[in-house]
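Student: Please take me closely through one part of this structure, beginning with its aromatic residues and moving outward to what surrounds them. I am new to it and would like each term explained as it appears.

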Amino acid sequence: MQGLYQIAFFPSTQSRRMFADLLEGLTSLPKKTSPKYFYDAAGSKLFDQITELDAYYPTRTEMGIMQAEIKKMAKAIGPDALLIEFGSGSSLKTRLLLDHLDDLAGYVPIDISESHLLETAAALRVLYPDVEILPVAADYTKPFDIPEPSKAVQKRIVYFPGSTIGNFEPSEAQAFLQQAAQVAGPAGSLLIGVDLKKDRETLERAYDDPEGVTAAFNLNLVHRINRELAGSFDPAGFRHEAVWNEAEGRVEMHLVSLRDQTPLMCGRPIPFYEGERWHTESSYKYTLDGFATLAAPWFTRRHVWTDDAEYFSVQFFDAK
């Protein structure tokens, strides 16, 4: 029956995959879906707004670290590198690297939201006319091809800024790191942002800001189902919730059903009971030693840069 829903409503492979993934998550107990489906064009723009909020410390803290340490980062990367960014978004932090890297062989931004990706790539080509920019619209958690630039490449640098590594379950994070090592190759490296453990109040406020932008970002998943999967979900029937789970070492985001309801997705009924929680995102926080141990099968850490309060870290690894 699932195949009939897919064929009837959405002939494209991407839509069928999204439907299958969300259907599996929304019919499981408890309900849980991947945060990658936040990021259509609207979701990407909402996330850009989140990064500018006072409550959301990761972006400004990471940017501060990069501004303070960019010369050391550029030296670690070296000349003639191919910079490959997973989940590039608006590539805001990347511009610091593009400003400081010598003889960059090329920049490959990879993002699941094609329209947002192409818009950003076009803007970057104006700002950096001497850098070959080769955007790839793909789900970076799955295999994809890396385009070859016209210039010779000395080494590949996988760049994964932000705290996105925290969105993966530990086993998924290991699979991601293994894939990143394969993309970087034996002479390559990884430059990655890693959010660190800290007090509950700071963490929960970062994911439940007073302005309500993160709530809108979370609820955009409901709007996306309605837009792309013929959904009949009522956004007013759900509320945003963010909690720090100390035992698991993660912030959890949920959509909580405010009543008994049975919306449709591609003609398929999805029942919710009042108070049921739909787990939409986990954001794991690490200690410095804990993350080095997680990456150890595939990478050797060479550098760690943090802010004074050790809220956030930027880490540089060589692939084994």
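**The aromatic cluster and its surroundings**

Tutor: One aromatic cluster is formed by Phe 38, Tyr 39, Phe 47, Tyr 56, Tyr 207 and Phe 217. Rings of Phe, Tyr and Trp (its six-membered ring) pair if their centres lie within 6.5 Å; planes under 30 degrees apart count as stacked, over 60 as edge-to-face and the rest as tilted. The model is predicted, so local features need pLDDT of at least 70 and side-chain atom pairs count only at pLDDT 80 or more, whereas totals for chains, interfaces and linings use all residues. Residues are numbered from 1 along each chain as its sequence is written, and side-chain values use heavy atoms, with hydrogens and water left out.

The structure holds 26 aromatic pairs. Among them is the edge-to-face pair of Tyr 56 and Tyr 207, 6.1 Å centre to centre with 75° between the planes. This pair links distant parts of the chain, 151 residues apart: Tyr 56 lies in the loop between α3 and α4 (57–77), and Tyr 207 in the loop between α8 (200–206) and α9. Here helices (H or I, at least four residues) and strands (E, at least two) are DSSP runs, numbered from the N terminus. Tyr 56 and Tyr 207 are buried, where buried means under 20% relative accessible area, exposed over 50% and partly exposed in between (1.4 Å probe, protein chains only).

Another edge-to-face pair joins Phe 86 and Phe 176, at 5.6 Å centre to centre and 80° between the planes. Phe 86 belongs to strand β2 and Phe 176 to helix α7, 90 residues apart, so that this pair too links distant parts of the chain. Phe 86 and Phe 176 are both buried.

Returning to the surroundings of the cluster, helix α3 (residues 41–50) has Gly 43, Ser 44, Leu 46, Asp 48 and Ile 50 buried. These buried residues pack against α6 (114–127) and α9 (213–228), contact meaning heavy atoms within 4.5 Å.

Helix α9 leads on to a sheet. Four strands form this open sheet in the order β1-β11-β8-β7, with mixed pairing; two strands pair if DSSP finds at least two bridges between them. β1 (31–32) and β7 (238–245) each have a single partner strand and stand at the edges, so one side of each is left without a neighbour in the sheet. β1 runs parallel to strand β11 (residues 277–284), joined by two bridges, and Trp 278 in β11 is the bridge partner of Lys 31. Helix α9 packs on the sheet, touching β7, β8 (250–257) and β11, and its direction makes about 55° with that of β8. For such angles, axes are lines fitted to C-alpha atoms, for helices over the stretch in contact, and angles run from 0 to 180 degrees between N-to-C directions.

Rings also meet charges. The charged end of Lys 31 sits over the ring of Phe 272, 4.7 Å from its centre, and that of Lys 198 sits over the ring of Tyr 311, 5.4 Å from its centre. A charge sits over a ring if NZ of Lys or CZ of Arg is within 6 Å of the ring centre and within 35 degrees of the ring normal.
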